[in-house]
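This briefing takes up charged pairs first and then turns to a surface patch. Please read it alongside the sequence and the structure shown here.

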Amino acid sequence: MLIIYSIIIVSAFSFFGIVVSGSYKSIRIKNEENRLFQTANVVADTYRANKEDQIFIRTMAKSYGRQANARILILDSQKKTVVDSHNSYIGKTVDNEEIRSSLASRPKSGIYELQGKEVLQLSVPIMAHSANETKIEGAVLISASLEAISQDLKDLKNTLLKVSASALLIALIFTVMAANSIAKPLSSLTNAVEKVSSGYLGYKVEDRESGEIGKLIESFNEMSGKLKQIENNRKSFINSISHELKTPITAIRALIESLSLGNSSLEIYKEYLEDINDEAKRMGQLVDYLLSSIKLEDISLDLKEEDLAEIIEDAFKLIKPYAEKNGVDVAVNGITSVRTICDRNKVKEALLNLLDNSVKYKDPYKKQNNITISLVKNKNEACLVIEDNGMGIREEYLSNIFNRGFRVLDAEIAANSRTEGYGIGLAIVKNIIEKHNWQIAADSNYGSGSKFTITISL
Ligand code: ADP
């Protein structure tokens with residue numbers, strides 16, 4: 001990993017270095033060329049105007065040569081050197097591409113290597129203008145060493161190299177730090193995943209991290225907590241079902257044992273057999289619960305257009321005698337006709353479950369326990385509300401009540417004889433409601449009562 005990062009960083013800096021030094025060199029050469037062309041033109045003009053004054057011309061060539069840090073030659077049209085700022089070429093013929101081009105009235109420049117050093121050479125023509133013609137009298141040739149530019153370029157490359165090396169070092173330090181800060185929480189996460197997959201549900205990663213890794217850890221902890229909760233619900237569900245199954249089995253066995261003694265009257269036989277029948281019915285109900293718990297997710301709906309008001313009326317009629325027997329008053333309040341597509345029996349089952357809970361979890365300390373059912377129709381939705389003034393649900397349990405197998409195992413509830421159950425009713429209700437693409441929400445105040453709202457989109 002580190003090697004890959006180093007290669008990327010080194011390549012990026014090399015590319016940057018090549019581009020920067022390349023363009024630096026060409027800009028400097030271009031500037032030098034412009035400067036020398038200007039000098040060559042000035043020398044050519046001065047020569048043309050003062051060519052009779054040889055001493056002045058030589059002094060001028062020397063002085064411009066010093067100023068420009070270059071060698072200046074002035075040649076006549078036959079390429080013979082007339083003036084040389086270094087004096088040694090006077091009288092000699094010089095022939096090169098730049099001179100030939102400028103004698104053909106095209107100024108020209110070129111870069112050559114001389115004894116391992118780069119030299120810039122350029123030439124401009126000396127034009128003599130008369131009334132009707134322009135004559136080329138000769139050429140000015142300037143050659144300057146590019147050594148200073150090469151030296152500057154070398155310095156620039158050195159600086160770039162130092163900067164690149166420091167940047168590489170800093171980048172590598174940061175990379176190592178970043179890699180460590182990712183690797184550590186990831187290894188804690190891997191360890192936690194192994195723990196959870198080996199059955200340690202609820203295991204949480206303690207590291208507090210920020211950013212995406214932090215979010216991942218948070219989601220993992222949440223998932224692990226939920227798995228634990230589901231597992232707890234499952235255990236308590238199996239516990240209560242096994243306990244509930246044991247009771248009728250024990251009762252049936254005791255009844256059969258006493259009947260098998262054979263000295264009971266026909267009346268007793270009949271009575272005992274009825275008891276056995278009741279216990280068998282209870283077991284049957286339990287098995288039904290078990291089955292509905294297993295089949296919870298794959299219920300299918302028999303959809304038809306129905307009036308929700310009628311379904312509420314049906315559920316109300318069914319629950320009323322049972323509620324009254326338990327001292328709970330049920331009332332239907334403000335109901336409007338709402339026609340919608342739904343499974344009549346399943347919706348009724350959900351309402352009966354909610355109403356049954358409202359009776360079951362009544363507040364034994366209240367003088368009057370009551371339940372109200374209402375159905376209100378708005379523009380795009382209808383709200384079906386079942387509200388009771390029962391014992392209510394503590395806030396910390398509220399988010400769990402729709403989970404399969406969850407029960408509030410409260411001393412208050414345990415003390416109440418009518419609170420048998422397996423924590424499956426609300427899971428069934430939620431499943432039915434969500435299968436219809438409706439929504440259900442619970443609102444409750446411990447000690448005051450609960451409110452279940454079903455929102456039906458129309
Ligand atoms: P069960 O009634 O079999 O325990 P449910 O899934 O129907 O299971 O309900 C889950 C839990 O929610 C119950 O154990 C109970 O504590 C709480 N609960 C449900 N409805 C009410 C209600 N109307 N008032 C108070 N508590 C309720």
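**Salt bridges and a nonpolar surface patch**

In this predicted model, the side chains of E33 and K30 meet in a salt bridge, with a distance of 3.1 Å from N to O. A search of the whole structure finds 22 salt bridges, and those taken up below include pairs that join parts of the chain lying apart in sequence.

**A pair within helix α1**

- E33 and K30 are three residues apart in helix α1 (residues 2-50), and therefore about one helical turn separates them.
- The two partners fall into separate accessibility classes, since E33 is buried at a relative accessible area of 13%, which lies under the 20% cut-off, whereas K30 counts as partly exposed at 46% relative accessibility.

**Pairs between parts of the chain**

- The side chains of K51 and E137 form a salt bridge with an N to O distance of 2.7 Å; because K51 lies in the loop between α1 and α2 (54-68) and E137 in strand β5 (residues 134-145), the pair ties together parts that are 86 residues apart in sequence.
- K51 is partly exposed, with a relative accessible area of 26%, and E137 likewise counts as partly exposed, at 21% relative accessibility.
- A salt bridge also joins the side chains of D95 and K79, at 3.6 Å from N to O; the pair links distant parts of the chain, with D95 in the loop between β2 (81-84) and α3 (97-103) and K79 in the loop between β1 (71-76) and β2, 16 residues apart.
- D95 is partly exposed, with a relative accessible area of 45%, and K79 counts as partly exposed at 22% relative accessibility.

**A network of charged residues**

- Salt bridges also link E306, E310, D314 and R344 in a network.
- As general background, side chains of opposite charge can pair when their charged atoms come close.

**A nonpolar patch on the surface**

- L169, I170, I173, F174 and M177 form a nonpolar patch on the surface, and together these residues have about 530 Å² of accessible area.
- One of the patch residues, F174, has its place in helix α4 (residues 147-197).
- F174 counts as exposed because its relative accessible area is 52%, and the class of exposed residues begins over 50%.

Terms used
Residues are numbered from 1 along each chain as its sequence is written. This is a predicted model: local features need pLDDT of at least 70, side-chain atom pairs count only at pLDDT 80 or more; totals for chains, interfaces and linings use all residues. Side-chain values use heavy atoms; hydrogens and water are left out. Patches are made of residues with over 30% relative accessible area and no salt bridge: like charges are joined within 9 Å, nonpolar side chains (Val, Leu, Ile, Met, Phe, Trp, Tyr) within 5 Å. Accessible areas come from the Shrake-Rupley method with a 1.4 Å probe; for residues, only the protein chains shown count as cover. A salt bridge is a side-chain nitrogen of Lys or Arg within 4 Å of a carboxyl oxygen of Asp or Glu. Helices (H or I, at least four residues) and strands (E, at least two) are DSSP runs, numbered from the N terminus. Buried means under 20% relative accessible area, exposed over 50%, partly exposed in between (1.4 Å probe, protein chains only).
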